[in-house]
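Got your viewer open? Let's take a walk through this one together, starting with the whole chain and then zooming in on a few residues.

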Amino acid sequence: WVGSLLLGTGSTVEGTAAFRAGNEKKDWVIGATGSNTKGDYRYTEPVSGQTRNRDHNDSAGGGILAKHRWHLEGGGSFEVLDFFSHGDRTNPGRIDIPTRDHESDTFNLLGLKLHAPELISEHDGVFAKAAGAYSRTATRTGYQPDSTDSRTLGHFVQAGYMRRDDHTTFTVAVENEYDYLRNDDGMFNRNLFGANTTFALQFGAFRLVPTLRQNVSSLFPSSTDLNFTASVAPDSQSEFAISYGRQHLYPSMIAATGFKNSGFNVLANPDLRVQSDSIVQATYSRNEKKYALYLTFFYDSILNRTTFLSVTTTEGKFVNVPEVVVVGGQVDVQWYIVDPFVVRGSSTVTRACNRSTGREMPYKPRIEGFASMSYSPLKWFAVTAQEQFMTKRFYTESSTQTLAPFAQTHLRFDFDVGVGVAFLKASNVLDAGAFENPGFPYPGRSFWIGYTTGRGGI
């Protein structure tokens, strides 16, 4: 048995439980999760500094997961999975334009997966996936006689062939993805076919992986994706890699058809075009007994970047920006200073600009990340402090209106109890105030207590 229980601010109760069993021929798992919260929380108004309450933010829901897996010869497997969830929630909307929307969501996924690397011969095998999903979202606005009801039905099917030997791995696959959406504005559907192949070549410390994919869409022009990755591992602790990729991202159906949520209307834009990314990336990783380091640098040139823009305080839409350039880097560090102390940190520096105007893109902070320190003076006890930070973000295309930078401090205390870990957690200890999006504040100081059968993080 595995499980967890969490109690906290806003009369919140969350729980999960799962049971796993099996043998050398098969295994299975069945689990359930549920949550209920009044959802009210206090926050600090960023401009005035006053402390206020955020009411009417309640939610309740749950889900059930069941999976059965049969083990096949040659390291293969066949899996069947089903997941069902339902939830009801109230969203108060912007603090300056309260709406108190009620939303009901239902989701069900049924999936099959086959992995048989030696079905044909010692070096030849097949793989396949199939999944079908249904979802329904119904909303009702509290202060207006307005409601929406949308249903989505879709499937994903993939089948492929693989071949492996001492130095190479070759795969080829075909797939189909279909989505059907019915809402108050009509019926929409999208059909996407794809074929991809990967050839991995490895000699000693050197590895080369080219990938090619062809996309055929019922709504948009066909496209070809490609990627090349070359890596070298001079020793068992480090690796250098460089890659180039060109990929195409098709607009989502809700971006093209629009939707309503929490009193905010996303306007339809049927003229959205396919986004094209050309990405160059270089990475370096090093793992030692006392530390681990991961560095990455990237340059991304994007044509027809799909971006969300606010039109009014209650309306927005997805649009294409003709050309965007994103340049940046990321560093991840884990340092074991002395036996009871562990320092972890991650920071991303990004510059995303609209090339035609020279202005920065909205909702993309220049710097974001976290830093944490864990101290375990006893085998059964640990304390962790974490600082999460983000610089200012623009939220309009004119790069004039910004969301202020913010930093939050979190504390967590873990105690080994029985077969699991009991914990106490304080989030946003210093009660920092900031907006996640215009009109939507981050929660203020909150307290949590829980128990889990596995040690967790912040």
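**The whole chain**

Start with a cartoon view of everything: the protein chain has one helix and 30 strands. What you're looking at is a predicted model. The radius of gyration is 25 Å, close to the 23 Å that the globule rule gives for 458 residues, so the chain is as compact as a globular protein of that length. Turn it around along its principal axes, and the C-alpha trace spans about 70 × 60 × 45 Å.

Now switch on the surface. The accessible area comes to about 24900 Å², and 60% of that belongs to carbon and sulfur atoms. Buried residues make up 34% of the 458 in the chain.

Try colouring by charge next. You'll find 44 positive and 46 negative side chains, and the centres of those two sets lie 3 Å apart. As for contacts, take those between residues at least 6 apart in sequence: 52% of them join residues at least 24 apart.

**Stop 1: Ser11 and Thr12**

Select Ser11, in the loop between strand E1 (2–8) and E2. Is Ser11 buried or exposed? Its relative accessibility is 53%, and the cut-off for exposed is over 50%, so Ser11 counts as exposed. Check the backbone here too: phi of Ser11 is near 55°, a positive value in a residue other than glycine.

Step along to Thr12, which lies in strand E2 (residues 12–22). Thr12 counts as buried, at 7% relative accessibility. Which residues does Thr12 touch, not counting those up to four places away in sequence? Show Leu6, Leu7, Asn36, Thr37 and Trp448 and you have them.

**Stop 2: Gly132**

Jump to Gly132, in strand E9 (residues 124–140). With a relative accessible area of 28%, Gly132 is partly exposed. Leave aside the neighbours within four places in sequence, and Gly132 is in contact with Asn108, Leu109, Leu110, Gly154 and His155.

Keep Gly132 selected and add Phe156. How far apart are Gly132 and Phe156 in space, C-alpha to C-alpha? Draw a distance line between the two C-alpha atoms: it should read 6.5 Å, although the two residues are 24 apart in sequence.

**Stop 3: Arg286**

Next, pick Arg286, which you'll find in strand E18 (residues 275–287). Is Arg286 buried or exposed? At 17% relative accessibility, and with buried meaning under 20%, Arg286 counts as buried.

Now show side chains and bring up Ser238. The side chains of Arg286 and Ser238 make a polar contact at 3.2 Å. Widen the selection around Arg286, skipping neighbours within four places in sequence, and you'll meet its contacts: Asp235, Gln237, Ser238, Tyr291, Ala292 and Leu293.

**Stop 4: Asn428**

Finish at Asn428, in the loop between strand E27 (420–427) and strand E28 (435–437). Phi of Asn428 is near 50°, a positive value in a residue other than glycine. Put the surface back on and look for Asn428: at 1% relative accessibility, this residue counts as buried. For a last look, flip back to the loop with Ser11, which counts as exposed at 53% relative accessibility.

How values were computed: Residues numbered from 1 in each chain as written. Predicted model: local features only at pLDDT ≥ 70, side-chain atom pairs only at ≥ 80, totals over all residues. Heavy atoms only, no water. Helix = DSSP H or I, 4+ residues; strand = E, 2+ residues; numbered from the N terminus. Rg over C-alpha atoms; globule rule 2.2 N^0.38 Å. Buried < 20%, exposed > 50% of the residue type's maximum accessible area, 1.4 Å probe, protein only. Contact = heavy atoms within 4.5 Å. Areas by Shrake-Rupley, 256 points an atom, 1.4 Å probe, with all protein chains shown as cover. Lys, Arg positive; Asp, Glu negative; His and termini not counted. Charge placed at Lys NZ, Arg CZ, Asp CG, Glu CD. Polar contact = N/O pair within 3.5 Å; in protein donor to acceptor, adjacent residues only side chain to side chain.
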